[in-house]
Amino acid sequence: MERILVIGSAGQIGSELVLALRNKFGNVNVFATDIKQPTKEIQDGGPFQILDVLDYKNLLHFLVRNKITQVYNLAAVLSGNAEKIPLQAWDINMKALMNTLEAAQQSDAKKLFWPSSIAVFGPTTPRYKTEQLTVMEPNTVYGISKLAGERWGEYYFNRYGVDIRSVRYPGLISYKTEPGGGTTDYAVEIFFDAIKSGHYDCFVTEDTALPMMFMDDAIENTIRLMDADGKDLSIRSSYNMAGISFTAGELAQAIKQRVPNFTISYKPDFRQAIANSWPASIDDKIAREDWGLKTEFDLEKMTDLMLDKVREKLSV
Ligand code: AKB
């Protein structure tokens, strides 16, 4: 019987992952935690507790007291926000990971999911169909922390047998909880603004292409990786995960086809440089081969669903 802790359950990924895990493992076996209140659905649906992953002793106590066997650590300061508070963001991102790795090693919670990101790549990385093993010289605080985190994860696997599993998430597109402080946030904001006001001021240029993924695909693949037989996993740093690549202009066009009055202006800010340093598309054949990564949503299908769900959420 698995007993699962999700750190960061109020965030964009956590708020959907907790629900999927509770469906699979039973409500009482999935402990949602965060430093802020999650959605009502999560609070009412099973155990929830305020827990600060930066407090090592408390984290270890929690794992032991609740006989936790698996941890999903989703706590992070994302790329845009990290550039505003570089040292603080480094401290938070690294400490959150190191505390989890160390607590996993010291307890029975040996199976760990920690997300990496396409941010581990940098301006010297080949931009198209970026391979798993390639040049990695990230030049953002967030990217540097994710690359360092990947190395530490692999170290804890080799040295202590912590069963860490990870994917390099592309930009994630969802309607339940909006992301906060990331570079790929425009691909979510655009849907909300299209429905609310019919106009979006986009903070990257029209021709900016980045890999993205609809949240349902991200959640399914995260659980698929955690379910995989450890013997099949050749990568313990983090797996490339491609999703779908499109430009901001192509996304705007897909929305305009469905919301004819929609307009967009391009006003690039500091996040343009971050976007330019990341790959436009990713090669994820190793994940497909090792543990059966697969996706269902292309740009059209995702746009249809996002518009429906955002309309429902905003009750228009
Ligand atoms: C961000 O934009 O910072 C994140 C990411 C790609 O990891 N969404």
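This report describes the largest pocket, the ligand and the largest cavity of a predicted model.

**The largest pocket**

The largest pocket holds about 900 Å³ of space. Its lining is made up of 41 residues, and those nearest its centre are L74, A75, A76, V77 and L78. Two or more lining residues come from each of the elements α4 (79-84), β6 (116-117), α6 (141-160) and β9 (171-173). Sorted by class, the lining of this pocket has 21 nonpolar residues, 14 polar residues and 6 charged residues.

The position of the pocket follows from the domains that line it. Domain 1 covers 4-170 + 213-240, and domain 2 covers 172-212 + 244-314. Because both domains give residues to the lining, the largest pocket lies between them.

**The ligand**

Around the ligand are L78, S79, S117, I118, Y142, G182, T183, T184 and W278. L78 is also among the residues nearest the centre of the largest pocket. Three of the residues around the ligand are taken up in the table, each with the distance from one of its atoms to an oxygen atom of the ligand.

| Residue | Part of the residue | Distance to a ligand oxygen atom |
|---|---|---|
| S117 | N or O atom in the side chain | 2.7 Å |
| Y142 | polar side-chain atom | 2.7 Å |
| T183 | polar backbone atom | 2.7 Å |

S117 and Y142 thus face the ligand oxygen atoms with side-chain atoms, whereas T183 does so with a backbone atom. On its own the ligand has 250 Å² of accessible area, and the protein covers 93% of that area.

**The largest cavity**

Rolling a probe the size of a water molecule over the atoms shows where empty space is left. In this model the count comes to 1 cavity of 30 Å³ or more. The volume of the largest cavity is about 40 Å³.

Which residues line the largest cavity? They are N73, A75, A76, N93, M94, A96, L97, W114, S145 and K146. Two of these, A75 and A76, also appear among the residues nearest the centre of the largest pocket. The elements α5 (86-106) and α6 each give two or more residues to the cavity lining. The largest share, 4 residues, is from α5. By class, the cavity lining has 6 nonpolar residues, 3 polar residues and 1 charged residue.

The helix α6 therefore has a part in both linings, as it gives two or more residues to that of the largest pocket and two or more to that of the largest cavity.

Definitions and conventions. Residues numbered from 1 in each chain as written. Predicted model: local features only at pLDDT ≥ 70, side-chain atom pairs only at ≥ 80, totals over all residues. Heavy atoms only, no water. 1 Å grid on protein atoms, 1.4 Å probe; cavity = no way out; pocket = protein on both sides within 12 Å on 5 of 7 lines; lining within 4 Å. Points joined across faces, edges and corners; volume = space filled by probe spheres on them. Nonpolar A, V, L, I, M, F, W, Y, C, P; charged D, E, K, R; others polar. Domains from an automatic or database assignment. Near = heavy atom within 4 Å. Polar contact = N/O pair within 3.5 Å; in protein donor to acceptor, adjacent residues only side chain to side chain. Areas by Shrake-Rupley, 256 points an atom, 1.4 Å probe, with all protein chains shown as cover.
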